[in-house]
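Here is a set of questions and answers for someone meeting this structure for the first time. Please look at the sequence and the model before reading on.

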Amino acid sequence: MTLPAKARREQIYDLAKTSGLASVEELSARFQVTASTIRRDLALLNEQGRLARTYGGAMPLDPHPEASLRQRVGEAYEEKQALARWAAARVRPGEHVLLDGGSTVGALAHRLRGHQDLDVTTIGINTLQELNGCPGIRLFCLGGQLRETSQSFYGPLTELGLDRMTFDRVFLGADAVTAEHGICEADHLQTRLKEIMAGRSTHVYVLAHGAKIGLRPFHAWASLPLPWTLVTTPDAPADQVAEMRERGVVVELVEPHPARN
């Protein structure tokens, strides 16, 4: 499905921010439009002062190596809500669920508010705020060092808490996901924690909308034990989806819908 021009340009800008550089050929293949269309998009973004043209592509004028949680909440809103709806529908009464930090997992926490007979453990302050005081939900927090950017806990104390717990399901966020390396994050302690979280859970889900698939914005990676499930949107690169499935990853493509509560 071809994106509207405005939405395509926003995704081009997001890709340039996260991967640092995007070529005309890569963008043309990703968005299934002609190279001349991509060049017009890049020219307009350049006129708006958002991207700088380079030989064969573009790069951001205002790069942000890692966006804060507050900045991420409004990005790809419809896609994140679709992933959150899908994930919430998997959770059953009586289960013990582990929730990562991040905006997409925070959207999932909001959709768990009406669930009954549920244990939820989290590292994310946004999840604590969403589920605090909800009847039917027993809420647990894994403490440790607070990471200001993501508003979540990590480090040795967080890992120690996990040593004494197991979970029916874990829902992880990601800055990016690739078939070759797994989950990409800005910090090695984050990726180590995600691996531990996955290892303590029966069912492992990674929630990441399509614009995050195939990117390599940082150099810290988490390799998850198979099987695990990537929950993403249909705009994820087809070659990455195919390779993940070949490697044994279950991939669920969830169609976003117009924003609604």
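The questions below concern a predicted model, moving from the whole chain to helix pairs and then to single residues.

Q: How many helices and strands does the secondary structure of the protein chain come to?
A: The model is a predicted one. Its protein chain has 261 residues. The secondary structure of that chain comes to ten helices and 15 strands.

Q: What percentage of the residues of the protein chain count as buried?
A: A residue is buried when its relative accessible area is under 20%. Of the 261 residues in the protein chain, the part that meets this cut-off is 51%.

Q: What share of the accessible surface of the protein chain belongs to carbon and sulfur atoms?
A: The accessible surface of the protein chain is about 12300 Å² in total. The part of that surface belonging to carbon and sulfur atoms is 52%.

Q: Among contacts in the protein chain with a separation of 6 or more, what percentage comes from residues 24 or more positions apart?
A: Contacts here are counted from a separation of 6 upward. Within that set, the pairs 24 or more positions apart account for 61%.

Q: Are helix 2 and helix 3 roughly parallel or roughly perpendicular to each other?
A: Two packed helices are described by the angle between their axes and the distance between the axes. Helix 2 covers residues 24–31 and helix 3 covers residues 35–47; their axes come within 9 Å and cross at roughly 110°. Angles of 65 to 115 degrees count as roughly perpendicular. Helix 2 and helix 3 are therefore roughly perpendicular.

Q: Which residues of helix 2 and helix 3 make the contact, and how many of them are nonpolar?
A: Helix 2 passes helix 3 in a right-handed crossing. The contact is made by V24, L27, S28 and F31 from helix 2, and by A35, I38, R39 and L42 from helix 3. By class, one residue is polar and one is charged, and the nonpolar ones number six.

Q: Are helix 5 and helix 6 oblique or roughly parallel?
A: The axes of helix 5 (residues 77–90) and helix 6 (residues 103–111) come within 8 Å and cross at roughly 50°. Angles under 35 degrees count as roughly parallel, and those of 65 to 115 as roughly perpendicular. The angle of roughly 50° therefore makes helix 5, relative to helix 6, oblique.

Q: Which residues make the contact of helix 5 with helix 6?
A: The crossing of these two helices, helix 5 and helix 6, is right-handed. On the side of helix 5, the contact involves K80, Q81, L83, A84, R85, A87 and A88. On the side of helix 6, the residues are S103, T104, A107, L108 and R111.

Q: Is T104 buried or exposed, and which residues does T104 contact?
A: T104 is found in helix 6. Its relative accessible area is 4%, so T104 is buried. Leaving aside neighbours within four places in sequence, T104 is in contact with K80, L83, A84 and L207.

Q: Is R8 buried or exposed?
A: R8 is found in helix 1, residues 5–19. Not counting residues up to four places away in sequence, R8 touches L3, F31, V33, T37, I38 and D41. With a relative accessible area of 6%, which is under the 20% cut-off, R8 is buried.

Q: What distance separates the C-alpha atoms of A176 and W221?
A: A176 lies in strand 10 (residues 176–178) and counts as buried at 0% relative accessibility. Beyond four places in sequence, A176 touches G182, I183, C184, K212, L215 and P217. A176 and W221 are 45 residues apart along the chain, and their C-alpha atoms are separated by 9.4 Å.

Q: Where is Q32, and is Q32 buried or exposed?
A: Most residues other than glycine have a negative phi. Phi of Q32, however, is near 55°, a positive value. Q32 is found in the loop between helix 2 and helix 3. At 58% relative accessibility, Q32 counts as exposed.

Q: Is the peptide bond from L226 to P227 cis or trans?
A: Most peptide bonds are trans. P227 is in the loop between strand 13 (220–222) and strand 14 (229–232). The bond from L226 to P227 has omega near -5° and is cis.

Definitions and conventions. Residues numbered from 1 in each chain as written. Predicted model: local features only at pLDDT ≥ 70, side-chain atom pairs only at ≥ 80, totals over all residues. Heavy atoms only, no water. Axes fitted to C-alpha atoms, helices over the stretch in contact; angles between N-to-C directions. Helix = DSSP H or I, 4+ residues; strand = E, 2+ residues; numbered from the N terminus. Parallel < 35°, antiparallel > 145°, perpendicular 65-115°, else oblique. Left-handed = near helix turned anticlockwise from the far one by under 90°. Contact = heavy atoms within 4.5 Å. Buried < 20%, exposed > 50% of the residue type's maximum accessible area, 1.4 Å probe, protein only. Areas by Shrake-Rupley, 256 points an atom, 1.4 Å probe, with all protein chains shown as cover. Nonpolar A, V, L, I, M, F, W, Y, C, P; charged D, E, K, R; others polar.
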